[in-house]
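These are my notebook entries on one structure. I record below what I looked up, topic by topic.

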Amino acid sequence: MKKSPPPKKVRIIGGFWRSRLVPVIEEAGLRPSTDRVRETLFNWLGPSLQGSRCLDLFAGTGILGLEACSRGALHVTFVESNPKIFLNLEKTIATLQPLPPNCSVDLKKMDAFKWLRMQSQIDYDVLFIDPPFDSPSLLFDALKILGEFHKKTLRTIMYVESPVRLENAAILNDLQGWSIERQLIAGAVKASLLKQLVKELK
């Protein structure tokens, strides 16, 4: 069966930019989170998003980070390596100006793993991890690195979007001391909210 093309635009659901549209270019691997998934995710996050620092690691359209910014995040860092997708994200943020009050954004045009290797720590409250589904190693490698960064902190929340066929054990394989707190299955997508277990931290 031929795959349906991605939507040409996705909508920011809530907050300062509510109902504003974000363009989606036709590029391999680009798969913006659906309205249903995002509405559920940001209901899960609730008040914890206010004043938070967020990382959108495989940013794509930027819709996860933009939704966070719109809903009260203090700062969002977007990391995207694809030149065409990054340019689209730059244009999107320019079009959405002004930014919500008290929110800043930082756009990094580089490979996600190169960016991670440059960090001495990952000082973010919410991590959005949503790499292309056709490259499973991207997700596993990112989770392994992030798990190492966050062995001794309690406050980080991690959101993982993955193919529904991916077992929960595979998601948690390199995340010692983490658990899947909430999960949604929506079509071919598994949306998981991860937090750390206090009793397993030293």
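**Entry 1. Terms and source.** I take two strands as paired if DSSP finds at least two bridges between them. Helices (H or I, at least four residues) and strands (E, at least two) are DSSP runs, numbered from the N terminus. The model is predicted, so I note that local features need pLDDT of at least 70 and side-chain atom pairs count only at pLDDT 80 or more, while totals for chains, interfaces and linings use all residues. Residues are numbered from 1 along each chain as its sequence is written, and side-chain values use heavy atoms, with hydrogens and water left out.

**Entry 2. The sheet.** I looked up the strand order first. The sheet is open and has 7 strands, in the order β5-β4-β3-β6-β7-β9-β8, with mixed pairing. Which strands stand at the edges? They are β5 (104-109) and β8 (178-186); each has a single partner strand, so one side of each is left without a neighbour in the sheet. On average, neighbouring strands are turned by 15° against each other, direction ignored. For such angles I use axes that are lines fitted to C-alpha atoms, for helices over the stretch in contact, and the angles run from 0 to 180 degrees between N-to-C directions.

I then examined individual pairings. Strand β3 (residues 53-56) pairs with strand β4 (residues 75-80) in the parallel sense, over 4 bridges. Within this pairing, R53 has H75 in β4 as its bridge partner. Strands β4 and β5 also run parallel and are joined by 6 bridges. Here E80 stands opposite K109 in β5. From β4 the chain crosses through α3 to β5, a β-α-β crossover that is right-handed; the term applies if, with the strands pointing away from the viewer, the path from the first strand over the helix to the second runs clockwise.

**Entry 3. Helices on the sheet.** I count a contact when heavy atoms lie within 4.5 Å. Helix α5 (residues 136-149) lies across β6 and β7, and runs at about 165° to β7. For α2 I also checked burial, where buried means under 20% relative accessible area, exposed over 50%, and partly exposed in between (1.4 Å probe, protein chains only). How many residues of α2 are buried? The number is 8 of the 8, so the helix is largely enclosed by the rest of the structure. Among them are I63, L64, E67 and C69. After α2 comes G72, whose phi is positive, near 115°.

**Entry 4. Cysteines.** I searched for disulfides, defined as a pair of cysteine sulfur atoms within 2.5 Å. A disulfide is a covalent bond between the sulfur atoms of two cysteines. The structure holds 1 disulfide. C69 and C103 form this bond, with their sulfur atoms 2.4 Å apart. The torsion about the S-S bond of C69 and C103 is about -135°, so the disulfide is left-handed. C69 lies in helix α2 and C103 in the loop between α3 (83-96) and β5, so the pair ties together parts 34 residues apart in sequence. C69 is buried at 1% relative accessibility, and C103 is buried at 7%.

I also asked why C54 does not bond with C103. The closest cysteine sulfur to that of C54 is in C103, 8.0 Å away, which is too far for a bond. C54 is buried, with a relative accessible area of 0%.

**Entry 5. Aromatic pairs.** I let rings of Phe, Tyr and Trp (its six-membered ring) pair if their centres lie within 6.5 Å; planes under 30 degrees apart count as stacked, over 60 as edge-to-face and the rest as tilted. The search of the whole structure finds 5 aromatic pairs. In one of them, F16 and W17 have ring centres 6.4 Å apart and planes at 65°, so the pair is edge-to-face. F16 is partly exposed at 44% relative accessibility, whereas W17 is buried at 1%. F58 and F113 also form an edge-to-face pair, 6.1 Å centre to centre with 65° between the planes. This pair links distant parts of the chain, 55 residues apart: F58 is in the loop between β3 and α2, and F113 is in helix α4 (residues 112-117). Both F58 and F113 are buried. I further noted one aromatic cluster formed by F42, F128 and Y159.

**Entry 6. Residue Q196.** Last, I looked up Q196, which is in strand β9 (residues 189-196). Is Q196 buried or exposed? At 9% relative accessibility, Q196 counts as buried. Its C-alpha atom is separated by 8.0 Å from that of R155, and the two residues are 41 apart along the chain.
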